[in-house]
Every structure is written in C-alpha cells, then in structure tokens.
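Visitor: Hey, can we look at this one together? I'd like to poke around a bit.

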Amino acid sequence: MPRQFLKHRFWFSEGRLQRSLQAPLQHLAGPLVLAIALTLGTAPRAVAQALPPAVRFPFLADPLQDDPLDPLLPRPIVSRPPSPLELYALEQSLDQLALEAEALAEAGELEQARDIWRREIRLRRLLGVERELAAIDRVGQWLRDSTATQDLQLYALRLDEIRAGLVLPEDQSRLERMAETYVVLGAIDAAAEIRRDLADAARLADNTAEYRRQLEVLAALRADWFYFPAAAETYGELVALNQVEANPDDERRYLTLEAENLEQAQDFAGAIARQQRLLTLYQSDESLWPQIAPLQHRVAQNYLALGDETTAARQFQVAYTNAIDQGQLEVATNAIDDLADIYKSLGRWADVGYLYEQLLVVAQQSHSAFTMMMAYDQLGQVHEQLGATPSALAAYREGLVLARVLGTRQAYFEEQIERLTGAASQW
C-alpha cells in the first residue's frame with residue numbers, strides 16, 4: 001500500500017474496545033393517535049447481528065471514547081465536546097479522506113478504500129446524522145458494485161441504531177432519507193418497514209394523498225426487488241383506497257399492476273380475478289376497447305398456466321376475434337399461435353390448419369408479408385401432419401417466395417421443399 005495512505009488505515013484498536021453504543025430499543029404503547037409519536041425503533045438486521053464482534057463493536061462504538069483517539073480528533077486538555085471550529089477542521093479532513101478512498105477504489109485497491117471509508121463514516125457521526133447518512137449513501141453506491149457485503153451489513157446496522165431513536169411525525173423527512181439509504185445498502189426489508197410506518201402515520205392523520213404516495217413507493221420497491229406477493233398486496237390496498245375516491249384511471253392502473261405482480265408470484269387465479277375486473281372497466285369505455293383483446297390474451301395465458309386448457313382455448317378465441325375487430329394483427333397472431341399449440345397437443349390438426357388459414361387471410365388484408373410467410377410455414381407443417389404432401393409443398397413454396405422478398409429464412413424453406421420433393425420422388 002502506498003506510504004501516504006498508511007496513516008488512513010482503520011484507526012481504532014479492535015482489541016481494546018469491548019462495548020457498543022447501540023441505542024436501546026423501545027416500543028411505546030398508547031392509543032393510535034398522532035398525539036402520541038409512533039416509535040420506529042426495531043432490532044438490528046439479523047444478518048448484521050451475524051457480523052463478527054471484532055467488526056461490529058469497534059465500528060459502532062463512540063469515536064470520542066477510543067483509546068487512543070483517532071489522530072483527526074482534537075485532544076482538549078479538559079474533557080469537553082469538540083468546538084464548532086474543531087468540527088469544521090474535522091469535516092475538511094474527512095472530505096480529503098473520502099477523496100483518497102475514492103482514488104484507491106478507482107485504482108482497484110478496494111480493500112484499502114473500504115478501511116478508509118469505515119474510518120471516515122465512523123468519524124462523520126460527530127458532524128451530525130445528515131452528514132453521516134450522506135457518507136453512507138455515497139459509499140454504499142461504490143460497495144454495491146463490489147463484493148463488500150460485510151461493509152453493507154455494517155452500515156445497515158448503524159442505520160438501525162439511528163432509526164431506533166426516531167419517531168413520527170417529527171422525523172418524517174429523516175426517515176424518508178433513511179429508507180432511500182437502506183435501499184442503496186440492499187436492506188430492502190428495513191426500507192419497506194419505514195415506508196409502511198410512514199403510510200400508517202399518514203392514514204392516521206387522514207392525509208390520503210400522502211398515504212397513497214407512500215403505498216405507491218412501497219409497492220414499487222417490493223416489485224423492483226422481486227417481492228411480488230407483497231407488491232401485489234400493496235397494490236390491492238391502493239385499489240381499495242381508490243374505490244373510496246372513485247378515480248377510474250387510478251383504479252385501472254392499480255388493478256393492472258396488482259395483476260402483473262400476481263402473475264409474477266404465480267398466483268394466476270388471483271391475476272385472472274383482477275383482469276376480469278379490468279375487462280369490465282375497459283368494456284364500459286369505448287376509448288379503451290383497443291386494450292380488451294391484449295388483456296383477454298393474458299387472461300387466456302393465465303388459464304393455461306392453471307392447466308385449464310378448455311377455458312384457455314375459449315379465451316384465446318375471444319381474444320383473436322376482438323383483435324381482428326380492432327385490427328390488432330400482432331395480438332391476433334399470438335392468440336392463434338397459442339390456440340394452435342393447444343390444438344396440436346390434442347392432435348386436432350384440421351383445426352390447427354383452419355386457424356392458420358384464417359390468419360393468412362388477415363395477413364393478406366393487412367399486407368403483412370412476414371405474417372403471411374409464417375402462416376405458410378405453419379400450414380406446411382400441418383399438411384405434413386395430415387399426410388397431404390402436395391399441399392405441404394405448395395405452402396412451403398409460397399413461403400419461399402415471401403422469404404426471398406423479405407430476405408430471410410430462404411434456406412429453411414428450400415430445405416423443406418427439398419426434403420419433401422426427395423421423399424415424394426422415392427414413391
């Protein structure tokens with residue numbers, strides 16, 4: 001390690017410090033009114049508690065109680081808190097320390113940078129919570145892209161200590177800031193807990209707009225981090241809240257997001273129930289009719305995921321019909337493909353052929369050469385299954401003509417034609 005950075009190694013002696021300044025956790029009981037502050041203290045993350053004591057205790061201890069003191073700290077003759085001038089000098093030194101750590105990180109010396117960051121962040125607490133949080137947030141952005149899991153856990157544990165002393169409504173802004181920092185550190189459960197507390201406080205205060213905002217942030221947070229059941233549940237709360245306010249646009253949006261998260265959670269029955277409600281809303285507004293067929297297609301896919309092929313087939317048929325009425329060729333094509341897959345699994349090849357003949361007509365009317373080419377390919381395969389080699393050849397030849405126009409899949413169609421022509425000549 002370069003000599004100029006030796007003095008910035010993690011300073012305090014791990015062997016000499018035997019205590020932690022973790023704040024006691026208290027939960028205040030009382031009626032659910034905002035006249036009594038909501039206590040937000042929680043136990044530190046279990047994963048952070050698993051950190052070795054030699055890592056946890058020195059970092060969490062009061063820097064002013066170290067023996068010896070960090071060289072950056074003042075040494076007054078009499079015991080007293082640092083003066084404003086001394087704190088200003090400390091801040092300047094820590095800013096320089098942060099620059100040196102960042103330079104080391106950029107140079108690939110992450111281990112040395114991590115030691116400096118720990119020292120810097122630990123001393124930052126003497127400058128106030130806001131400056132400490134800003135440093136943790138900044139460093140966390142660096143560490144998230146590395147394998148510094150232990151450091152992220154350590155900083156999350158320090159956030160737990162700070163959070164234990166905060167209450168609502170007085171500390172709302174700081175708690176919001178902490179929720180964002182928890183996300184940077186990957187402590188999503190802690191961030192979600194804060195958002196839930198903020199939402200509950202807004203609800204108790206009859207602040208509907210703030211209650212909605214916090215629920216939206218919470219739902220998006222859960223969804224972004226793949227907690228799909230929890231995200232769906234929160235979007236369900238927003239749906240229920242909106243039913244009181246009766247805003248159709250918001251109801252459709254929340255129902256859509258709730259259904260999407262239920263799909264991700266593989267609760268297909270739950271997703272279908274929300275989507276059926278959405279279909280009712282779409283059908284009541286002519287301007288929304290173009291959204292009906294795509295949603296019916298998703299409903300059909302969910303029925304298929306449940307193993308209900310009969311209902312899925314009916315839904316694919318309905319989606320196809322409505323897509324044709326709306327001129328939605330892509331939706332119609334996808335619905336036919338999915339329905340054809342069901343019929344193929346049942347050996348209903350004649351029905352499969354009929355589907356692709358219908359798709360061919362639609363593609364011709366919309367002048368979609370690519371869809372026509374794909375339809376001819378499928379028709380060729382169907383005719384082969386039915387043993388109608390001349391019809392299969394004719395379909396593949398039509399597909400080849402379109403493939404040459406489009407400049408794609410020419411070799412594929414040529415191979416099919418050659419294969420069938422060779423087979424026919426052997427007869």
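Visitor: Okay, starting with a single residue: what is the relative accessible area of Arg-409?
Guide: Arg-409 comes out at 27%, so it counts as partly exposed. Here, buried means under 20% relative accessible area, exposed means over 50%, and partly exposed is in between, using a 1.4 Å probe and protein chains only.

Visitor: Before I go on, what kind of model is this?
Guide: It's a predicted model, where local features need pLDDT of at least 70 and side-chain atom pairs count only at pLDDT 80 or more, while totals for chains, interfaces and linings use all residues. Residues are numbered from 1 along each chain as its sequence is written, and side-chain values use heavy atoms, with hydrogens and water left out.

Visitor: Got it. Where is Arg-409 in the chain?
Guide: Look in the loop between H18 and H19. Those labels are DSSP runs numbered from the N terminus: helices (H or I) have at least four residues and strands (E) at least two.

Visitor: And what about its phi?
Guide: Arg-409 has a positive phi of about 60°, although it isn't a glycine. Most residues other than glycine have a negative phi.

Visitor: Which other residue has a positive phi near 60°?
Guide: Try Asp-206, also a residue other than glycine. Asp-206 sits in the loop between H8 and H9, and it is exposed, with a relative accessible area of 67%.

Visitor: Changing topic: where can I find a cis peptide bond?
Guide: One joins Asp-67 and Pro-68, with omega at about 5°. Pro-68 belongs to the loop between H2 and H3. Another cis bond links Leu-168 and Pro-169, again with omega about 5°, and Pro-169 is in the loop between strand E2 (167–168) and H7. Most peptide bonds are trans.

Visitor: Is Asp-70 buried or exposed?
Guide: Asp-70 is buried, at 2% relative accessibility. It lies in the loop between helix H2 (53–60) and helix H3 (84–106). From Asp-70 to Arg-119 is 49 residues in sequence, and 9.0 Å in space, C-alpha to C-alpha.

Visitor: How many salt bridges are there?
Guide: A search of the whole structure turns up 34. A salt bridge here is a side-chain nitrogen of Lys or Arg within 4 Å of a carboxyl oxygen of Asp or Glu.

Visitor: What does Glu-120 form a salt bridge with?
Guide: Its partner is Arg-138, with the closest N and O atoms 2.4 Å apart. Glu-120 is in helix H4 (residues 110–124) and Arg-138 in helix H5 (residues 129–143), 18 residues apart. Glu-120 is buried, with a relative accessible area of 0%, whereas Arg-138 is partly exposed at 27%. There's a network here too: salt bridges link Asp-95, Glu-120, Arg-124 and Arg-138.

Visitor: Cool. What about Arg-419, which residue does it pair with?
Guide: Arg-419 forms a salt bridge with Glu-384, and their closest N and O atoms are 2.9 Å apart. Arg-419 lies in helix H19 (residues 410–426) and Glu-384 in helix H17, so the pair ties together parts that are 35 residues apart in sequence. Arg-419 is partly exposed at 41% relative accessibility, and Glu-384 is partly exposed at 30%.

Visitor: Since you mention H17, at what angle does it cross H18?
Guide: Helix H17 (residues 369–385) and helix H18 (residues 389–406) cross at roughly 155°, and their axes come within 8 Å. The axes are lines fitted to C-alpha atoms, for helices over the stretch in contact, and angles run from 0 to 180 degrees between N-to-C directions. That makes H17 roughly antiparallel to H18 (under 35 degrees is roughly parallel, over 145 roughly antiparallel, 65 to 115 roughly perpendicular, the rest oblique).

Visitor: Which residues make the contact?
Guide: On H17 they include Phe-370, Met-373, Tyr-376 and Glu-384, and on H18 they include Ala-395, Tyr-396 and Leu-402. Contact means heavy atoms within 4.5 Å.

Visitor: And how do H7 and H8 pack?
Guide: H7 and helix H8 (residues 188–204) pack at an angle of about 155°, with axes 8 Å apart. They are therefore roughly antiparallel to each other. Among the residues in contact are Leu-175 and Glu-176 of H7 and Ile-194 and Arg-195 of H8.

Visitor: Oh, Glu-176, what does its side chain meet?
Guide: It meets Arg-213 in a salt bridge, 2.6 Å from N to O. Arg-213 is in helix H9 (residues 208–224) and Glu-176 in helix H7 (residues 172–185), 37 residues apart. Glu-176 counts as buried at 14% relative accessibility, while Arg-213 is partly exposed at 33%.
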